[in-house]
Amino acid sequence: MKALPDLSAVEAMDAADPLRSMRERFVLPEGVIYLDGNSLGAASPAVFGELQKAATQEWAEDLIRAWNTAGWFDMPVVLGDQLGRLIGATAGQTVVCDTTSINIYKVLHAALAMRPDRHVIVAEGDSFPTDLYMAEGVASTRPGAVLRLEGVDAANVEELIDDQVAVILLNHVNYKSGELRDMAALTRKAHDAGALIVWDLCHTAGAMPVELDKANADFAVGCTYKYLNGGPGAPAFLYVATRHQGEARQPLSGWWGHARPFAFEQGYAAGSGIRRFLCGTQPVLSMRALKGALDLWDDVDLTVLREKSIALTDLFIQLVEAKCAGYGLELESPRDGSKRGSQVSFMHEHGYRIMRALIERGVIGDFRAPSTIRFGFTPLYVGYKDVWAAVAVLEDILRTEAWKDERFGVRTAVT
Ligand SMILES: *Cc1c(COP(=O)(O)O)cnc(C)c1O
């Protein structure tokens, strides 16, 4: 076991951090230690600049012409290619559009239709719920289609894969525990059984290197408002491997996915390439904000990012277990950094109250029912001393039992 670092050792880690200067490119309020970038990434002047330009120049001055002059019409595919570089996707396979929930529906429906002789969708019982809800919706469109769930129908997803499975929908990192799946190995298993696979990258895009092409993935979806810092409600993305783009048909056959949207034809004709996965008019201002956020990644080496992410989360686990021992916290995330996303979760009977007390003291993480307190570590703007300071506050709240105060028992709408 590694010796417990003291404050000066932690400060030395910050001084040696190759990503240290990225912190200055984000704005975070004074007195806040932000450990919730896995729910909503931080704001940046780069984003404000793009928003300002999009509103006051492109919209205000160019009006409808801006669809052409400012490149609004092509933004979903241009940003898709830019984002594709962060998830191991060569050009023409990624598009930015809609929400993750909607994109799950589109690609899952497309994948199911590509296996007409099979009727099973495999997913995880402890998946982020919207993925399951959308899978239910997709299954309901095809008579006889059923969901088979890990943790319900068998303990491990591998045991659920057979020759009846059309498509497997997996979260690359589990939103609650932070457990990381082996994308390459599971994709191979799916293909060996003749099934297709959809990866949900909400908790890995911008958190670590992702290699969709190398893993031979079929489809993927993900958020841009978490580790990619695109802003609240920023549009999501989807990936369809080039080899499937001719055959894959998505169910939301809107005019933006039409082969000739401005011919205003009566019947639908699916466009070619990744554009056929668009549906309707996109949120231009949010897209322009996302452009600012994605530009920041030009200066980031994802291997260095991953190393820092593991070091931050290792340090957090080590400090919490050393300084908060005996207060009923139980590690829920994998201890092995190589099997963990960029977050650490602990279970505690009074997790909700503890998180409320932490937030009041400026340490912002979040709570996931029934008992998980979750801390996200965004390597672009979280430092090692932040980890140290957060654990000191947590220790104080547990030792003084500050969380027992009545006001922390009242539930807020968003946790
Ligand atoms: C955050 C998250 C979503 C969110 O979906 P929205 O449609 O953006 O609300 C979906 N899936 C996973 C795994 C997530 O973590």
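How many residues surround the ligand, and which are the closest? In this predicted model, the ligand is surrounded by 13 residues, and the closest are Ser 101, Asp 131, His 203, Tyr 225 and Lys 226.

## The ligand shell

By residue class, the shell around the ligand consists of four nonpolar, six polar and three charged residues. Two helices each contribute at least two residues to this shell: helix H5, spanning 100-113, and helix H6, spanning 129-139.

## Polar contacts and burial of the ligand

Three side chains place polar atoms at short listed distances from the ligand. For Ser 101, a polar side-chain atom lies 2.6 Å from an oxygen atom of the ligand. In the side chain of His 203, an N or O atom is 2.7 Å from a ligand oxygen atom. With Asp 131 the ligand partner is a nitrogen atom, which is 3.0 Å from an N or O atom of the side chain.

The ligand taken alone exposes 390 Å², and the protein buries 86% of that area.

## The nonpolar core

The largest nonpolar core contains 94 residues. Within this core, Ile 168 and Leu 201 touch the most other members. Helix H12, residues 384-400, provides the largest share of the core, with nine residues.

Both domain 1 (7-30 + 301-409) and domain 2 (49-299) take part in this core, each with at least three residues.

## A cis peptide bond

The peptide bond that joins Ala 369 and Pro 370 is cis, with omega at about 5°. Pro 370 belongs to the loop between strand S12, residues 366-368, and strand S13, residues 372-376.

## Residues with positive phi

Phe 264 is a residue other than glycine with a positive phi, near 50°. This residue is located in the loop that runs between strand S8 (237-240) and helix H9 (284-295). Is Phe 264 buried or exposed? Phe 264 counts as exposed because its relative accessibility is 60%, and the cut-off for exposed is over 50%.

Glu 401, likewise not a glycine, has a positive phi near 55°. Its position is in the segment after H12, the helix that gives the nonpolar core its largest share of residues. Glu 401 has a relative accessible area of 40%, and it is therefore classed as partly exposed.

Terms used
Residues are numbered from 1 along each chain as its sequence is written. This is a predicted model: local features need pLDDT of at least 70, side-chain atom pairs count only at pLDDT 80 or more; totals for chains, interfaces and linings use all residues. Side-chain values use heavy atoms; hydrogens and water are left out. A residue is near a molecule or strand if one of its heavy atoms lies within 4 Å of it. A polar contact is a pair of N or O atoms within 3.5 Å; within protein, one must be able to donate a hydrogen and the other to accept it, and residues adjacent in sequence count only if both atoms are side-chain atoms. Accessible areas come from the Shrake-Rupley method with a 1.4 Å probe; for residues, only the protein chains shown count as cover. Helices (H or I, at least four residues) and strands (E, at least two) are DSSP runs, numbered from the N terminus. Ala, Val, Leu, Ile, Met, Phe, Trp, Tyr, Cys and Pro count as nonpolar, Asp, Glu, Lys and Arg as charged, and the others, Gly among them, as polar. A nonpolar core is a set of buried Ala, Val, Leu, Ile, Met, Phe, Trp, Tyr and Cys residues joined through side-chain atoms within 4.5 Å. Buried means under 20% relative accessible area, exposed over 50%, partly exposed in between (1.4 Å probe, protein chains only). Domain bounds come from an automatic or database domain assignment.
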